[in-house]
Amino acid sequence: MCRMENVVNNFVNEKVPPPAPPLPCFLSAAYPKKVMVKSKSKAKMMSSYKEQCNVSTATTDLYDRLFDEAYRADVVVHTDNGGQIYAHASILGMISPVIRHDLKQTKGKNRRRTITIRGVPHDAVRVFIRYLYSSCYNSGEMEEYILHLLVLSHVYVVPHLKRECEAKLENGLLNIDNIIDVFQLALLCDAPRLSLICHRMILDNFKAVSATEGWYAMKEAHPFLEIEILATVKEADRRQKELLRKKNERKIYVQLYEAMEAIVHICRDGCKTIGPHDKALKKDEHPCGYTACKGLELLVRHFAACKLRVPGGCVHCKRMWKLFELHSRLCIDSDACRVPLCRNFKDRSKRQNKKEEMRWKILARKIVRSKSICGAPFFSLASST
């Protein structure tokens, strides 16, 4: 009895499953690739193409050979300076709907059809057609012809190449010399993200960009675009100045808030060598955590000893009077507060006119709000009164 019959009998009688067949070997191991390469430069270029691909190497090699050898090509692409590139209508038409429409317009089914791509270098068109075959490119050629490829991908509706060009420009190929050209192409090719990045770069480096050849060429070709850029630069400067002004104002409000806290600290707890009359200060006391205490200590000492505390007198005393009045606007309980003149200023505020009262309220609100934005308690003076 042969071996196959033994296997069948065992399976029927003992219900033993037959052994599984061996796994198939990889095609690459059984049939190693043999690519004919004429020179080292061509081999280096092909390897560079493969590094930028998202498809298998076998597929890339097949389409590269199909493009390079032009096997049964039925389309001739005419470029500048009499250049010709042979291609296949089925591949070009599947990738680009614009080329498909152009091929339908050409007459003659039994002969090679022709399309014309003018206005860009012949090598750029060749890189573009090669990308339509295998979705691959050489890094050096991409950097050299990226602006032409951006235009071709937009005109012939190849979105994946257009996204690749935009990503390459955004991630390192933009510079001061080409930023104006890229900005104009981004507007023409409907690339809003790229145009926004270019616009921001122009605003950040306007002095250097305005001295380039691209800027002078844009002035002659598109004067309205120059006017719009100058208007945005002016608006950006205005916003920057406004932002700086608000930042300085907030800094002043924070300093005033810290001064209010320091005044309460000095009058309630004492600080270093100055404090309330009914409290004994310790020489070995820990360093004060209030940054405004050092300046206020000198100001309080001067206020206590100065004899020109009348209106229009000492400038330093007038500043101290303003701080006391500002404290009264922030203080919640003037009856329990130990800051001098707090109750007096609170009563005085009731007799002020509405305009003056509103001015003090706005100042107090901005001081508390600025400190709360910085992360401090909303109103720390409430716990000290």
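# Chatting through helix contacts, rings and cysteines

Student: Let's start with α17 and α18. How do their axes cross?
Tutor: This is a predicted model, and in it the axes of helix α17 (residues 315–330) and helix α18 (residues 342–349) come within 8 Å and cross at roughly 75 degrees.

Student: What do you call that arrangement, and why?
Tutor: Roughly perpendicular. Anything from 65 to 115 degrees counts as that, and the crossing is roughly 75 degrees, so α17 and α18 get the label roughly perpendicular.

Student: Which residues meet there?
Tutor: From α17 you have W321, F324, E325, H327, S328 and R329. On the α18 side they meet C342, F345, K346, R348 and S349.

Student: And how many of those are nonpolar, polar and charged?
Tutor: The contact of α17 with α18 divides into four nonpolar, three polar and four charged residues.

Student: C342 caught my eye. Where is the closest cysteine sulfur?
Tutor: In C331, with its sulfur 3.9 Å from that of C342. A disulfide needs the two sulfur atoms within 2.5 Å, so this pair is too far apart for a bond.

Student: How many disulfides are there, then?
Tutor: The count comes to zero.

Student: Is C342 buried or exposed?
Tutor: C342 counts as buried, at 1% relative accessibility. Another cysteine, C198, is also buried, at 0%.

Student: Switching to α14 and α15. How do their axes cross?
Tutor: Helix α14 (residues 213–221) and helix α15 (residues 223–268) have axes that come within 5 Å and cross at roughly 120 degrees. That makes α14 and α15 oblique to each other.

Student: Which residues make the contact?
Tutor: On α14 the contact residues are W215, M218, K219, E220 and A221. On α15 they are P223, L225, E226, I229 and L230. The residues of this contact divide into seven nonpolar, no polar and three charged.

Student: W215 again makes me think of rings. How many aromatic pairs does the whole structure have?
Tutor: A search of the whole structure finds four aromatic pairs. One of them is F128 with Y156, whose ring centres are 5.9 Å apart and whose planes sit at 40 degrees, so the pair is tilted.

Student: Where do those two residues lie?
Tutor: F128 lies in helix α7 (residues 122–134), and Y156 is in the loop between α9 (146–155) and α10 (159–173). The pair therefore ties together parts that are 28 residues apart in sequence.

Student: Are they buried or exposed?
Tutor: F128 is buried, with a relative accessible area of 0%, and Y156 is buried too, at 10%.

Student: And what does W215 pair with?
Tutor: With F206. Their rings are 5.5 Å centre to centre with 90 degrees between the planes, which is edge-to-face. W215 is buried, with a relative accessible area of 4%, whereas F206 is partly exposed at 22%.

Student: Back to F128 for a sec. What about S153, what does it touch?
Tutor: Leaving out residues up to four places away in sequence, S153 touches F128, V158, L161 and K162. S153 has its place in helix α9 and counts as buried, at 2% relative accessibility.

Student: New topic, backbone angles. What's odd about A70?
Tutor: A70 has a positive phi of about 50 degrees although it is not a glycine. Most residues other than glycine have a negative phi.

Student: Where is A70?
Tutor: In the loop between α4 (57–69) and β1 (75–78). A70 counts as partly exposed, at 21% relative accessibility.

Student: What about R72?
Tutor: R72 is in the loop between α4 and β1 as well, and it has a positive phi of about 55 degrees without being a glycine. R72 is exposed, with a relative accessible area of 69%.

Student: Zooming out, how many helices and strands are in the chain?
Tutor: The protein chain comes to 19 helices and three strands.

Student: And what share of residues is buried?
Tutor: Buried residues make up 35% of the 385 residues in the protein chain.

Student: Last one: what share of the contacts is between residues 24 or more positions apart?
Tutor: Among contacts with a separation of 6 or more, residues 24 or more positions apart account for 59%.

Terms used:
Residues numbered from 1 in each chain as written. Predicted model: local features only at pLDDT ≥ 70, side-chain atom pairs only at ≥ 80, totals over all residues. Heavy atoms only, no water. Axes fitted to C-alpha atoms, helices over the stretch in contact; angles between N-to-C directions. Helix = DSSP H or I, 4+ residues; strand = E, 2+ residues; numbered from the N terminus. Parallel < 35°, antiparallel > 145°, perpendicular 65-115°, else oblique. Contact = heavy atoms within 4.5 Å. Nonpolar A, V, L, I, M, F, W, Y, C, P; charged D, E, K, R; others polar. Phe/Tyr/Trp six-rings, centres within 6.5 Å; stacked < 30°, edge-to-face > 60°. Buried < 20%, exposed > 50% of the residue type's maximum accessible area, 1.4 Å probe, protein only.
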